[in-house]
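Please walk through the model below, starting from its strand pairings and moving on to its aromatic contacts, its enclosed and open spaces, and a few points of backbone geometry.

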Amino acid sequence: MKYTIAEVQKILAAKWLQQADPSAEVEHLLLDSRQITAPVFSLFFALPGKRHDGHRYLADAYKAGVRQFVVSQELATADFPEANLLKVVDTLDALQVLAAWHRAKYNLPVIGITGSNGKTVVKEWLYQLLSPDFNIVRSPKSYNSQVGVPLSVWQIRQEHTLALFEAGISQPGEMERLARIIRPSIGIFTNIGPAHREGFSSKTEKIKEKMRLFDEARTLVYCADHEPIRLAAQEWQAEKPERRTFSWSGSDLGADLQIIEIQTLAGGATRLTGRLEAIKDTIEIPFTDPASVENAVHCWAVMILLGIPQEQIVARMMRLYPVEMRLELKAGIQRCTLINDFYNNDLASLRIALQFASQQARGGRLTVILSDILQSGQDKKDLYAKVAAVLEEKKASRLIGIGADIPVIAAYLPAGFDAVFYPETADFMKNLPQHEFLDELILLKGARPFEFERIARRLEQKAHKTVLEVNLTALVHNLNVYNRLLRPGTKMLAMVKASGYGSGSAEVAKLLEFHQVDYLGVAYADEGIELRQAGVNLPILVLNPEPSGLDAMYRHRLEPEIYSLPLLDELIHFAGREKRLAVHLKLDTGMHRLGFETADIQPLMEKLSAFPNFEVRSVFSHLSASDAAAHDAFTHRQAAAFSTMYNQIRSALGYEPLRHIVNTGGIARFPEYHFDMVRLGIGLYGIDSSGLQDQLRVVNVLKATISQIKSIHPGETVGYNRNGPVDTPTRIATISIGYADGFLRLAGGGRYQVLVRGHRAPTIGNVCMDMTMIDVTRIPSVREGDEVIIFGEDPPVQELANCLQTIPYEVFTNISERVKRVYWQE
């Protein structure tokens, strides 16, 4: 359904700032000027934020073809001569009002899902299980926030017969707004986690807030084993006689669906036996972990409520497949980069994947390998016309289509577009050698039945079994944790030195540029040059410039730190008075590593005044102990010395360069010293010692694989120098990581434990160059080929750092180049 902009104006009770064409149609809601598809039919909401205001990007959206805008500020309308401009008091509220209006036009069953964990899995499994019976609209990925929910609900169309929406909140007062938009008829409360993780003072407060989602619901599904949820659900039901609850329990709590037996089966399956109104029924699911069991029973309860016959429930449950909520980016053959997103395929997730792909491609060649979009409920011609528009908008260079339906798209692609089609994945695999893949980005986007993982295996660069998984979504989350601490106008410099603290500098830098950090920092010119060659355009500060690299720095627009008079002389010798150079002055205020001291300021300024082609972009220093409360008095003395020296420099220059002194440890502890910019380093990667650790997410997960399992008899030994003696019958596993990968010898001899199948396994014997042995005697289910977590959520990297008698910085940067980096985004 399309609305005219005049209809939107009435719905929002907005003021016309400019009325160019009131009959213009609105089909898409747009919040980001970098993610535009179908600009002619898009309505841009200028959402304000603490650091970034959508009003700053109106010109970019207008230049891209958008002509409909909702704003909350007065504008120079002459800058947007063809635009329809609506002014409201609050653009976020307007977005939500429009989505709620749209939702109210449709009378269809809506399932609203909330809880601390499992929301997205339950939603996606319900989609898998109920698609044969309903034409379903659902939240893309985990769009469950104050802006994600309106975008999800906006997808509802006349052809849909069921909606699945998830709702997540981070503070009191938010759920009421989401409830007005979703208006679920059936609610699911999955579970509840610690209150402090979501900004609530207590678990009771959090449950009460989440229950607001079900204010208009008629039925609520929940697990009675979670006592606080059970009590809240009973209170909710008692408020209105027409409300109904459907509970399930693995304990004897008198639930509607009583789970009376859980059996783990061979082959990684679980059999669940339940009793409903004295009738026993059994289902099997292809999972064994407790979280999957809980999520599956939630789905079972909903299917019972919706009247799905038990025999169909049984058949569909066994076909459940894992929910992959991530886009993986990894090295491919022939210097290609591969993005894997081949577990689901719909128009909303395709847009998300293409946005990520275009962000990484940076104008280079982009090939999309795309399967049929299954169970969309849309007319094929309409569907593939939209797909063609998205491919063109994101500047895809080539399309390889696989399936019976996708050739329909050919009629909607631009003339001369490089497209080829195959009926099945197997047909493409046979012809794969005929396709040249070289120096390009390849997006694999396919529905699960097409088994695109077979294509991925052929196109991936063969590498060491050990991988470092880098969660880009978690990295952005961490960035935002620190951003929220900054005053408006304070800039952010993100450190990506040492290959992004081991995570890979180019990939991380592209993401940070997309999320609008102001500066990047690297240690050496080579690192900055690599970023420029990868297409990164942000200003880059080089902390350790070398005279031999000045020409390369100049050609690649890198900005050197100057920390001594001899280094300044080298720059003057290189640049003379002709070349314009942007430089940064480093002051030594007590760290005593690099930097100008007080006595150097006068000769420094005399030299700079003679060379006005040198522009001082910033003046900075480094706090020695910003995260150590015992040294706070020294930190204050450093900051005072810095301000004194800066004022001398500012007076001599006649202008005000940026000031920055605070690093990761000081951002939370010393807001008074944020000045004009802060520097964020290890905090991006989830490590903080200033009190923010609980708010950060894990970014890096190091994984190995079990290569072989052996049974060792008492009296035998394991490893070099027989340093792993065995006194009892023992099973050992050899895993694919050693000290050449960064897993150092101090971790051997039982001093460290890795995670296998959810259980800890200690090392045994010495760590070898390429391998390590672990004791898996107490993990009978372990198999060759199993994944081994070296560090991540559990065990955390801090645990390995303690074992190695070092700090997480060193653990991250010790991870060798031969360890494959896999980047993923939720």
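In this predicted model, strand 28 (residues 581-586), helix 21 (residues 601-609) and strand 29 (residues 614-620) are the three parts of a right-handed β-α-β unit. Within that unit, strand 28 and strand 29 run in the parallel sense and are joined over six bridges, and one bridge can be located by its residues, since A582 has E615 in strand 29 as its bridge partner. Strand 29 then takes part in another unit of this kind, a right-handed β-α-β unit that continues through helix 22 (residues 632-653) to strand 30 (residues 658-660). The pairing of strand 29 with strand 30 is again in the parallel sense, here over three bridges, and on this side F620 finds its bridge partner in H660 of strand 30. How much of strand 29 is covered? Five of its seven residues are buried, so that the strand is mostly covered.

From the strands one can turn to the aromatic rings, among which the count comes to 15 pairs. One of these is formed by Y62 and F80, whose ring centres are 5.5 Å apart and whose planes make an angle of 85°, an arrangement that is edge-to-face. Y62 belongs to helix 2 (residues 58-63), whereas F80 lies in the loop between strand 6 (68-71) and strand 7 (84-87), and the pair therefore ties together parts that are 18 residues apart in sequence. Are the two partners buried or exposed? The cut-off for a buried residue is under 20% relative accessible area; Y62, at 12% relative accessibility, counts as buried, and F80 is buried with a relative accessible area of 9%.

Elsewhere, ring pairs link F642, Y646, F670, Y673 and F675 into a cluster. Rings also meet charged side chains in this model: the charged end of R138 sits over the ring of Y127, at 3.7 Å from the ring centre, and K579 lies over the face of Y554, at 5.9 Å from the centre of that ring.

Y554 appears once more when the empty space inside the structure is considered. Rolling a probe the size of a water molecule over the atoms shows where empty space is left. A search of the whole structure finds one cavity of 30 Å³ or more, and the volume of the largest cavity is about 40 Å³. Its lining is made up of L550, M553, Y554, L558, P560, L571, F574 and L581. At least two of the lining residues come from each of helix 19 (550-555), strand 27 (558-562) and helix 20 (565-575), and the largest share, three residues, is supplied by helix 19. Y554 thus both lines the largest cavity and has K579 over the face of its ring, while L581, another residue of the lining, falls at the start of the range of strand 28 (residues 581-586).

Open space can be followed in a similar way. The second largest pocket has a volume of about 890 Å³, and of the 32 residues that line it, those closest to its centre are A331, T337, A506, E507 and Y823. Two or more residues of this lining are given by each of strand 17 (327-331), helix 11 (347-361), helix 17 (505-514), helix 18 (525-533) and strand 40 (820-825). Which element gives the largest share of the lining of the second largest pocket? Helix 17 does, with four residues.

The backbone itself holds some further details for a careful reader. D794 and P795 are joined by a cis peptide bond, with omega at about -5°, and P795 is found in the loop between strand 39 (787-791) and helix 24 (797-803). R183, although not a glycine, has a positive phi of about 50°; this residue lies in the loop between helix 6 (174-182) and strand 11 (186-189) and counts as partly exposed, at 29% relative accessibility. R757 is a residue other than glycine with a positive phi, near 50°, and lies in the loop between strand 36 (753-756) and strand 37 (759-762), where R757 is partly exposed with a relative accessible area of 44%.

Technical notes
Residues are numbered from 1 along each chain as its sequence is written. This is a predicted model: local features need pLDDT of at least 70, side-chain atom pairs count only at pLDDT 80 or more; totals for chains, interfaces and linings use all residues. Side-chain values use heavy atoms; hydrogens and water are left out. Buried means under 20% relative accessible area, exposed over 50%, partly exposed in between (1.4 Å probe, protein chains only). Two strands pair if DSSP finds at least two bridges between them. A crossover is right-handed if, with the strands pointing away from the viewer, the path from the first strand over the helix to the second runs clockwise. Rings of Phe, Tyr and Trp (its six-membered ring) pair if their centres lie within 6.5 Å; planes under 30 degrees apart count as stacked, over 60 as edge-to-face and the rest as tilted. A charge sits over a ring if NZ of Lys or CZ of Arg is within 6 Å of the ring centre and within 35 degrees of the ring normal. On a 1 Å grid over the protein atoms alone, a cavity is a set of points where a 1.4 Å probe fits but cannot get out, and a pocket is an open set with protein on both sides within 12 Å along at least five of seven lines; lining residues have an atom within 4 Å of a point. Grid points are joined across faces, edges and corners, and a volume is the space filled by probe spheres set on the points.
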